[in-house]
Amino acid sequence: MSTLHFGWNPLGGMYRILLALAVFAQGISGIIIYFQIRARSRKV
């Protein structure tokens with residue numbers, strides 16, 4: 001695991017960037033889902 005997270009240049013750098021983008025996308029989608037649920041509950 002340490003080789004994957006701290007070494008493995010340059011593929012390790014690309015892995016970390018892709019991982020950060022995936023976490024960011026997951027956070028944004030979670031916020032969108034939250035607001036959609038909130039909007040639907042106000043309509044009822």
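**A walk along helix α2**

Phe 35 is partly exposed, since its relative accessible area is 47%, and this residue, which belongs to helix α2 (residues 11-43), is a convenient place from which to begin reading what is a predicted model.

Before following Phe 35 further, it helps to look at the chain as a whole. The protein chain contains 2 helices and 0 strands, and its C-alpha atoms, taken along the principal axes, fill a box of roughly 55 × 15 × 5 Å. Of the 44 residues in the chain, 2% count as buried, while the accessible surface comes to about 4100 Å², with 73% of that area belonging to carbon and sulfur atoms.

Returning to Phe 35, we can now ask about its surroundings. How many aromatic pairs does the structure hold? There is 1 aromatic pair in the structure, and it joins Tyr 34 and Phe 35, whose ring centres are 5.3 Å apart and whose planes stand at 65°; because planes over 60 degrees apart count as edge-to-face, the pair is described in that way. Tyr 34, like its partner, is partly exposed, because its relative accessible area of 48% falls between the 20% that bounds the buried class and the 50% above which a residue is called exposed.

Both of these aromatic residues also take part in a nonpolar patch on the surface, which is formed by Phe 24, Ile 28, Ile 31, Ile 32, Tyr 34 and Phe 35 and which has, for these residues together, about 630 Å² of accessible area.

Another residue of helix α2 is Ser 29, which counts as partly exposed because its relative accessibility is 32%, a value that is neither under 20% nor over 50%. A polar atom of the Ser 29 side chain lies 2.9 Å from the backbone oxygen of Gln 26. Looking from Ser 29 to Arg 16, one finds the two residues 13 apart along the chain, with 20 Å between their C-alpha atoms.

Lys 43 is likewise found in helix α2, whose residues run from 11 to 43. Is Lys 43 buried or exposed? With a relative accessible area of 73%, Lys 43 counts as exposed, because the cut-off for that class is over 50%. Measuring position by C-alpha atoms, Lys 43 and Gly 27 are 25 Å apart in space, and in sequence they are separated by 16 residues.

Conventions:
Residues are numbered from 1 along each chain as its sequence is written. This is a predicted model: local features need pLDDT of at least 70, side-chain atom pairs count only at pLDDT 80 or more; totals for chains, interfaces and linings use all residues. Side-chain values use heavy atoms; hydrogens and water are left out. Patches are made of residues with over 30% relative accessible area and no salt bridge: like charges are joined within 9 Å, nonpolar side chains (Val, Leu, Ile, Met, Phe, Trp, Tyr) within 5 Å. Accessible areas come from the Shrake-Rupley method with a 1.4 Å probe; for residues, only the protein chains shown count as cover. A salt bridge is a side-chain nitrogen of Lys or Arg within 4 Å of a carboxyl oxygen of Asp or Glu. Helices (H or I, at least four residues) and strands (E, at least two) are DSSP runs, numbered from the N terminus. Buried means under 20% relative accessible area, exposed over 50%, partly exposed in between (1.4 Å probe, protein chains only). Rings of Phe, Tyr and Trp (its six-membered ring) pair if their centres lie within 6.5 Å; planes under 30 degrees apart count as stacked, over 60 as edge-to-face and the rest as tilted. A polar contact is a pair of N or O atoms within 3.5 Å; within protein, one must be able to donate a hydrogen and the other to accept it, and residues adjacent in sequence count only if both atoms are side-chain atoms.
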